Amino acid sequence: MPRDEPLYKSLIRDTTAYFAYVLLVIILGPFQFGYHLAELNAPQDVLTCKKENLQESALPSSLPHCIPMNTVQFSVVTSIFTLGGLLGALSAGLSCNKYGRLLTMRMTTASFIVGSILETFSTNIPVMCFGRFVSGLGCGAAIVVVPIYIAEVAPPKEKGLFGAFTQIAINLGILATQLLGYFLSKGNKWRIILAVAGGTGLIQLICLFLVPESPKWLAEHRSPQHARQVLRKIRGHQANVDSEVKAWNIDATSEDISEEETLLSAPPGSHPTPNPKAAAASIGIWDALIKPAYRPAIIAVIAVMLAQQLTGVNSIVMYSVSLLSTLIPTRAALLIVFVSLLNVVATAAFAPLSDKIGRKTSMLLSIAGMGTCSVLLALSLMFGIKVLAAVATLAFVASFAVGLGPVPFILANELVGPEAVGATQSTGLAANWIATFIVSQFFPIVDKALGGHGKVYFVFAGFALVFGAFIAYWVPETKGKSGIEEVWGKREARERVE
């Protein structure tokens with residue numbers, strides 16, 4: 001592709017209708033993550049019986065309008081989702097390496113459906129917690145496997161752009177639940193918000209039967225010849241896929257299969273018989289942690305995943321309505337809808353940025369903006385400056401979209417070889433889930449301990465400073481690098497390991 005070719009032209013050339021379908025179906029997994037993450041934000045006061053609720057019921061009258069909870073109990077219900085996500089993330093790396101990306105994505109839909117049913121019809125805290133935990137299992141696995149799958153099927157020149165679709169989908173999920181919450185936080189209509197996630201999971205399960213296995217995984221674990229044909233179908237049957245196939249470092253040219261034969265004998269989602277000659281050795285989580293060759297990448301991925309959460313974005317997603325309602329009592333819920341919409345628009349607008357200025361630069365700009373906005377948000381809540389609070393919240397979310405939102409999900413594929421991608425992604429996202437749990441469980445507690453009025457955002461600003469310095473020192477730039485040696489540099493890698 002010529003350097004000065006406009007982005008829209010390369011997208012038109014490289015994006016087929018089938019690839020667009022595949023992309024839209026698989027990002028329903030990250031969509032569920034964003035949806036479940038924020039589903040209790042808007043209806044919190046109604047759900048917990050904090051607000052008197054005499055509205056007409058939308059679901060069977062046998063279901064209570066609310067479930068009495070205090071602040072600590074609601075924090076447990078909110079954060080139990082992240083424990084399920086942690087277990088899902090840890091198991092997904094092994095599953096997607098051993099059984100394939102596609103089967104793992106199908107298994108996540110079962111969690112989405114079952115978890116949502118339990119949440120929708122819950123009548124007490126234990127059932128609600130169990131439903132949130134089951135939903136978390138699927139979400140944790142989804143945000144491990146979907147970025148890996150996207151990186152393996154996206155056109156090489158636009159991997160950063162399409163990698164951002166994971167974060168775009170998460171933001172769309174947050175927007176959807178905030179929008180529904182704005183209209184349905186009354187009576188027991190909040191249960192409809194929870195039910196929508198189950199319906200979305202069922203739709204994804206059906207649509208996944210027309211999605212193929214990752215061609216790169218097929219080449220490494222099954223049939224390289226079949227993998228080549230799957231890639232050609234994704235790119236278009238007239239596309240030249242030789243350079244991509246060559247990058248697999250596996251012979252996929254011999255015994256070539258005709259296009260007609262492939263379409264008849266290898267429907268989407270099929271798994272040919274395992275091919276020992278094509279299979280690549282996979283690295284487990286423990287091996288990735290203890291082997292010096294992978295240690296710099298593991299540390300880098302864990303650092304950016306922790307930075308993504310400990311700089312405070314989910315305090316806005318999970319608690320912003322109750323936090324801002326003390327300052328803007330009649331407009332807090334509406335403001336959060338606009339915040340969620342801005343998050344989607346900004347992430348989509350900034351999606352090509354990491355392909356232009358680099359992954360590392362995007363993250364550092366993002367962290368600087370979030371740290372600054374955290375200070376402004378703390379000051380605005382302390383001194384009751386309504387306009388500054390609204391502007392700081394919007395700018396905080398926009399800063400997150402610049403780099404710290406989308407980039408962490410694509411780094412694992414660029415910092416390690418294919419044999420360790422699953423383990424690295426699982427380890428990084430396990431750290432991400434632990435950090436999410438810490439924020440969701442302790443944010444209201446720490447905020448109260450510091451005297452309220454947003455002083456906790458000074459803590460987030462401190463985290464931004466620490467992580468910004470560490471990422472600037474440790475994490476290498478991956479944009480335009482063709483291999484692991486080029487990314488790390490042999491000399492630099494040895495120094496880091498020692």
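How much area does the protein expose, and what share of it do carbon and sulfur atoms supply? The protein exposes about 20,100 Å², of which carbon and sulfur atoms supply 66%, with accessible areas taken from the Shrake-Rupley method with a 1.4 Å probe, only the protein chains shown counting as cover for residues. This is a predicted model, in which local features need pLDDT of at least 70 and side-chain atom pairs count only at pLDDT 80 or more, while totals for chains, interfaces and linings use all residues. Residues are numbered from 1 along each chain as its sequence is written, and side-chain values use heavy atoms, with hydrogens and water left out.

**Overall fold**

- The secondary structure comes to 26 helices and zero strands, these being DSSP runs numbered from the N terminus (helices H or I, at least four residues; strands E, at least two).
- Of the 498 residues in the protein, 56% are buried, where buried means under 20% relative accessible area, exposed over 50% and partly exposed in between (1.4 Å probe, protein chains only).

**Helix α2**

- In α2, residues 17-26, the buried residues include Tyr-18, Phe-19, Val-22, Leu-23, Val-25 and Ile-26.
- These residues lie on the same side of α2 because they cover an arc of only 165° around the axis, the arc being that of the directions from the helix axis to the C-beta atoms.
- Ala-17 and Leu-24, on the other side of α2, are exposed.

**Helix α23**

- Ile-434 lies in helix α23, and Ile-434 counts as partly exposed because its relative accessibility is 41%.
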